[in-house]
Amino acid sequence: MSLAFDGMSAASIRAIAQALKAGQLASPVTRIALKRVAPSCPEAATSEILGLSIDGMKPQHLAALLGAVADSIEARLSSAAELVWTGPETSVAHSRDTSVVLSGLFHSAMRCVIVSTFVVHQPQTVFRALADRMAEIPDLGVQLFVHVGRDQRDTRHESEILREFATELRAKWPGDQRPLLYYDPRSLSLNAADRAT
């Protein structure tokens, strides 16, 4: 059965399980209803779910089975390096929800955390687990590498842009301890040809 779900992320499988538990998918499960819940569900997985449902498996039992499949996928992935990304699922994506992965990584940090990202959206949510861990382990070294840029027509001095960025991040940071913050100074060059990202 696990081969039928090869290529699906644990998050996608859990979404189907949740829909079964919530009654969003009723027995017998139809292809159309399943595709509404999980548009990128591969054909093999779709056939497996439909077959089990037609054979009389109750939605709550199918949900439990899918939960076990998702657990198995996460266990397999946790022992190896893993690419985590956001965006639409594909039929061949071996991915996990970024926020779940980050939370787990942040909670297990012991000495050092290095985060490199282009932009910081919703730091109060994304970095909650990290801020909690920084409070638990005051010596935890945390470095955040981000892009601080300027709009095309923004001619302010770079110190103003940096102060604005730091003020906004400080206001939204979910803890008292803050990370060291790094950026590439070339990103604030007034000359667009010299800018870096």
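**Exercise 1. Find the bridge partner of C112 in β2.**

In β2, C112 has G141 as its bridge partner. That is a good place to enter this model, which is a predicted one. Now widen the view to the strands. β1 covers residues 112–116, and five bridges join β1 to β2, the two running parallel. Another pair to look up is V113, which stands opposite V142 in β2.

**Exercise 2. Work out the strand order of the sheet, and say which strands sit at its edges.**

Step one: start from β2 and look for its other partner. Three bridges join β2 to β3, residues 180–182, and these strands run parallel too. Within that pairing, L144 has L181 in β3 as its bridge partner. To get from β2 to β3, the chain passes through helix α8 (residues 158–172), making a right-handed β-α-β crossover.

Step two: put the pairings together. The three strands make an open sheet in the order β1-β2-β3, with parallel pairing. β1 and β3 are the edge strands, since each pairs on one side only. On average, neighbouring strands here are turned by 15° against each other, ignoring direction.

**Exercise 3. Sort the side chains of β2 by face. Which are buried?**

Walk along the strand and you'll see the side chains alternate. V142 and L144 point to one face and are buried. G141, Q143 and F145 point to the other face and are not buried.

Now step back to the loop between α7 (128–136) and β2 (141–145), where you'll find D139. Is D139 buried or exposed? Its relative accessibility is 73%, and the cut-off for exposed is over 50%, so D139 counts as exposed. For a distance check, go from D139 to C112: the C-alpha atoms are 8.8 Å apart in space, while the two residues are 27 apart in sequence.

**Exercise 4. Check the length of α1, then describe what surrounds its two ends.**

Step one: compute the expected span. α1 has 13 residues, and at 1.5 Å a residue they should span 18 Å. The multiplier is one less than the number of residues. Step two: compare. The end C-alpha atoms of α1 are 18 Å apart, which agrees.

Step three: look just before the helix. S9 belongs to the segment before α1 (10–22). With a relative accessible area of 1%, S9 is buried, because buried means under 20%. A polar atom of the S9 side chain lies 3.1 Å from the backbone nitrogen of S12.

Step four: look just after the helix. G23 takes a positive phi of about 85° there.

Step five: pick out the buried residues of α1. They are A10, S12, I13, I16, A17, A19 and L20. To see how spacing matters in such a list, recall that an α-helix has 3.6 residues a turn, so residues three or four places apart point the same way.

**Exercise 5. Which parts of the chain does the salt bridge between R14 and D71 tie together?**

Begin with the contact itself: the side chains of R14 and D71 meet in a salt bridge, 2.6 Å from N to O. R14 lies in α1 and D71 lies in α4 (residues 59–78), so the pair ties together parts that are 57 residues apart in sequence. Next, check accessibility. R14 counts as partly exposed at 30%, and D71 is partly exposed at 44%. Finally, look for further partners: R14, D71 and E74 are linked in a network of salt bridges.

**Exercise 6. Examine two more salt bridges and compare how accessible their residues are.**

The whole structure holds eight salt bridges. Among them is the one between D132 and R128, whose closest N and O atoms are 3.7 Å apart. Both residues lie in helix α7, four residues apart, which is about one turn of the helix. D132 has a relative accessibility of 30% and counts as partly exposed. R128 is partly exposed as well, with a relative accessible area of 39%.

Another salt bridge brings together the side chains of D154 and R156, at 2.9 Å from N to O. D154 counts as buried at 14% relative accessibility, whereas R156 counts as partly exposed at 26%.

Note on methods. Residues numbered from 1 in each chain as written. Predicted model: local features only at pLDDT ≥ 70, side-chain atom pairs only at ≥ 80, totals over all residues. Heavy atoms only, no water. Buried < 20%, exposed > 50% of the residue type's maximum accessible area, 1.4 Å probe, protein only. Polar contact = N/O pair within 3.5 Å; in protein donor to acceptor, adjacent residues only side chain to side chain. Pairing = 2+ DSSP bridges. Right-handed = clockwise from strand over helix to strand, strands pointing away. Axes fitted to C-alpha atoms, helices over the stretch in contact; angles between N-to-C directions. Salt bridge = Lys/Arg side-chain N within 4 Å of Asp/Glu carboxyl O.
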